[in-house]
Amino acid sequence: MSRLVSVLLLAAGLSGCGREPRGAGLIPEATAQRRTESAGLTGSRRTAVVEAANRVAPAVVSITVTSRQRVTERDPWDFFFIPRTTDRLVQSSGTGFLVKPDGVIITNQHVVAGAQSITVTLPDGTDLPGSLVGEDPITDVAIIRISRSNLPVVPIGTSADLMIGEWVVALGDPYAYLLGNTEPTVTAGVVSATHRNILPNQDQPGLYLDMIQTDAAINPGNSGGPLANALGEVVGVNSSIFTGGGGSVGSIGLGFAIPIERAMRVAEEILRSGRVRRAWTGLEVAGLSAMRDWKRQG
């Protein structure tokens with residue numbers, strides 16, 4: 001009888017070791033604590049960079065361009081090694097982002113230079129033909145349009161108040177033809193400098209003035225993609241990088257973006273007139289007798 005009492009007492013003691021009766025519908029304390037900690041950890045993972053990427057990514061597109069290029073070939077079996085110049089079709093890729101819900105896309109001019117056909121791939125994988133509305137080589141900005149309405153657009157910010165050291169996010173499709181999906185790649189960094197002037201050289205023939213410098217990774221295929229601040233507002237258009245191998249190496253932390261204000265001004269001008277109209281000055285040359293007549297009239 002004493003053994004039965006001991007067993008009952010032992011069972012009663014075990015039932016009181018923080019365990020709830022089955023069927024009570026209550027979450028055990030340890031499990032509840034783990035879920036609370038997990039929720040807190042998940043909340044801490046949703047940083048400003050995550051939120052910024054989520055705001056911009058739905059309006060980032062991949063651009064595939066087919067163009068005709070002249071190449072020089074040498075036939076090794078030709079005794080005189082006479083070079084031959086031929087034309088061939090080549091494909092290249094870049095990035096763009098939607099600024100109007102009716103399919104207006106901003107990208108770099110060098111992405112679409114000489115394009116014979118343009119294919120725009122939306123983040124959901126849909127391929128649409130793109131038409132070149134206009135381009136401006138001086139500012140390296142081009143406008144593409146696709147036939148689709150009610151599209152998401154990026155939030156437009158300003159580069160005027162950028163602070164050195166603040167977080168920025170670069171989105172694009174580097175090496176898009178090698179990747180298995182169509183979602184944009186996200187890289188994060190800081191604003192390294194503002195008002196940078198990049199002078200032409202053998203690897204970079206263009207002249208880029210008043211650029212935003214960032215260490216966010218920008219690789220081949222990122223050109224034309226958006227650079228966003230921590231609020232998810234686009235502040236620039238990713239355009240060029242310095243590399244350590246004459247263009248054969250990817251990002252080394254020296255990337256540059258066109259200020260969004262300039263890109264939007266060019267875009268509005270192209271949409272209005274098909275090209276960028278600039279003021280110009282000229283001289284009218286007159287002979288000596290004409291100058292004397294002008295003086296008399298004065």
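**Close-up views of a predicted model**

**View 1. Thr66 is buried, with a relative accessible area of 16%.** "Buried" here means under 20% relative accessible area, "exposed" means over 50%, and "partly exposed" is anything in between, with a 1.4 Å probe and protein chains only. This is a predicted model, where local features need pLDDT of at least 70, side-chain atom pairs count only at pLDDT 80 or more, and totals for chains, interfaces and linings use all residues. Residues are numbered from 1 along each chain as its sequence is written, and side-chain values use heavy atoms, with hydrogens and water left out. Thr66 sits in strand E1 (residues 60-73). Strands (E, at least two residues) and helices (H or I, at least four) are DSSP runs, numbered from the N terminus. Setting aside residues up to four places away in sequence, Thr66 touches Leu89, Val90, Gln91, Gly114, Ala115, Gln116 and Ser117; a contact means heavy atoms within 4.5 Å. Look for Ile118 as well: its C-alpha is 6.5 Å from that of Thr66, with their positions 52 residues apart in sequence.

**View 2. Thr95 and Phe97 both belong to strand E2.** The strand covers residues 84-100. Thr95 is buried, at a relative accessible area of 0%, and Phe97 counts as buried at 0% too. Leaving out residues up to four places away in sequence, the contacts of Thr95 include Val60, Val61 and Ile63, then Thr107, then Leu171, Gly172 and Asp173, and also Gly221 and Asn222. Gly172 turns up again next to Phe97 in this legend: their C-alpha atoms are 9.0 Å apart, although 75 residues separate them along the chain.

**View 3. Six strands close into a barrel.** Go round in the order E7-E8-E9-E12-E11-E10, and the pairing is antiparallel. Two strands count as paired if DSSP finds at least two bridges between them. Strand E7 (residues 167-172) and strand E8 (residues 185-198) share 6 bridges, and Leu171 stands opposite Val186 in E8. E8 then joins strand E9 (residues 208-214) through 4 bridges, again antiparallel. Along that edge, Ile198 stands opposite Tyr208 and Arg196 has Met211 as its bridge partner. Neighbouring strands of this sheet are turned by 45° against each other on average, direction ignored. Axes are lines fitted to C-alpha atoms, for helices over the stretch in contact, and angles run from 0 to 180 degrees between N-to-C directions.

**View 4. Helices H3 and H5 lie across strands of the barrel.** H3 (residues 48-56) crosses E7, E8, strand E10 (226-229) and strand E11 (234-241), running at about 35° to E7. H5 (residues 260-273) lies across E9, E11 and strand E12 (255-259), at about 50° to E12. With 14 residues, H5 reaches 20 Å from its first C-alpha to its last, close to the 20 Å expected at 1.5 Å a residue; the expected span is 1.5 Å times one less than the number of residues. Buried residues in H5 are Ile260, Arg262, Ala263, Val266, Ala267, Glu269 and Ile270. Just after the helix, Gly274 takes a positive phi of about 85°.

**View 5. Asp140 and His195 each have a positive phi of about 60° although neither is a glycine.** Asp140 lies in the loop between strand E5 (127-136) and strand E6 (141-146), and is buried at 2% relative accessible area. His195 is in strand E8 and counts as exposed, at 59% relative accessibility.

**View 6. The whole protein has 298 residues, of which 35% count as buried.** The secondary structure comes to 6 helices and 12 strands. Of the contacts between residues at least 6 apart in sequence, 63% join residues at least 24 apart. The accessible surface is about 18,200 Å², with 56% of that belonging to carbon and sulfur atoms; areas come from the Shrake-Rupley method with a 1.4 Å probe, and for residues only the protein chains shown count as cover. Mean pLDDT is 80, and 67% of residues reach 70 or more; pLDDT is the predictor's confidence in each residue, from 0 to 100. Over residues 3-24 the pLDDT is below 50, and this stretch has 2 contacts in the model beyond near neighbours in sequence. Where pLDDT is low, the predicted coordinates should not be read in detail.
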